[in-house]
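Here are a few notes from a colleague on a pocket and some ring contacts. I hope they are handy as you look through the coordinates.

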Amino acid sequence: MNAYPPPPPHPTTAHPARVYNVWLGGKDHYPVDQEAAELAAKANPTIVPSVRANRAFLGRAVRHLTTTGIRQFLDIGTGIPAADNTHEVAQRAAPESRVVYVDNDPIVLTHARALSGPDGQTDYVQADARDVDTILGEAARTLDLDRPVGLMLVAVLQYVKDSEDPWDITRRLLDRLAPGSHLVLSHPAADVTAPEVAESMRIYNERAASHASATPRSHEDVDRFFRGLEVLEPGVVTLTRWRPAPSDVPDDSLPMWCGVARKP
């Protein structure tokens, strides 16, 4: 694993991984991240329940993929490790599962090193989501890309601008994966409680580095990520509508779309 310089002691711009950590109730962040998280949540009170519903969706999706025989996962934009991360859910269901995490924040690298056990089943790549060649080249050290992979793009593509074509990035990632691979994706919605989402995004973007600004997207735009794939039931839906447990209470006010699809 390559060495990377440590993060600055007190960064002046917020980072998605650390802001997300605030919303999950973690402690691995800086004052600028805390400020951005609190102000955005004040503008849009659905953020914190959405983040937690998003984590629950990830768990349900990973558990489903293990039932289909998927034993490899590529999780891009993983953020700082927290309870029920992809490797925990997958390896609980299928201990032989292999997981590669990808993020571009050095503070995530510090935490992720602890996940890379001697069995080599969990690894970490420091790379930007836009750098498809680096991600796949490094992931191939741990994953067999000739066998199906669960590609996790959970709450990350909002940080890729339209001008950078997140749909093409997703397609290029999937093109290199074997048939039978699955895409697990969630994304902030621009058409669910849109004014609140837009205001919270504006507040966050004012405090984030320019490369980490966020863009919510409509259902139609999110549906585009799944073109050419076999979308699993119930389709592209709000977070709590994707195969909820019997005890789950649907909440369509949470402004995120999600879905899971299979590569033919």
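1. A charge sits over a ring if NZ of Lys or CZ of Arg is within 6 Å of the ring centre and within 35 degrees of the ring normal. In this predicted model, Arg224 lies over the face of Trp167, at 3.9 Å from the ring centre.

2. Trp167 has an aromatic partner as well. Its ring centre is 5.4 Å from that of Phe225 and the planes are at 20°, so the two rings are stacked. This pair links distant parts of the chain, with Trp167 in helix α7 and Phe225 in the loop between α9 (219-224) and β6 (230-231), 58 residues apart.

3. Are these two rings buried or exposed? Trp167 is buried, with a relative accessible area of 13%, and Phe225 counts as buried at 4%.

4. Now to the largest pocket, which holds about 170 Å³ of space. Its lining includes Trp167, Phe225 and Arg224, and among the others are Asp175, Arg171 and Leu229. Helix α7 (residues 166-175) gives the most to this lining, with five residues. By type, the lining residues divide into four nonpolar, two polar and four charged.

5. How many aromatic pairs are there? The count comes to two. Besides the stacked one, Phe57 and Trp242 form an edge-to-face pair, 5.7 Å centre to centre with 85° between the planes. Phe57 lies in helix α3 (residues 47-67) and Trp242 in the loop between β7 (237-238) and β8 (256-262), so this pair ties together parts that are 185 residues apart in sequence. Both Phe57 and Trp242 are buried.

Terms used
Residues numbered from 1 in each chain as written. Predicted model: local features only at pLDDT ≥ 70, side-chain atom pairs only at ≥ 80, totals over all residues. Heavy atoms only, no water. 1 Å grid on protein atoms, 1.4 Å probe; cavity = no way out; pocket = protein on both sides within 12 Å on 5 of 7 lines; lining within 4 Å. Points joined across faces, edges and corners; volume = space filled by probe spheres on them. Helix = DSSP H or I, 4+ residues; strand = E, 2+ residues; numbered from the N terminus. Nonpolar A, V, L, I, M, F, W, Y, C, P; charged D, E, K, R; others polar. Phe/Tyr/Trp six-rings, centres within 6.5 Å; stacked < 30°, edge-to-face > 60°. Buried < 20%, exposed > 50% of the residue type's maximum accessible area, 1.4 Å probe, protein only.
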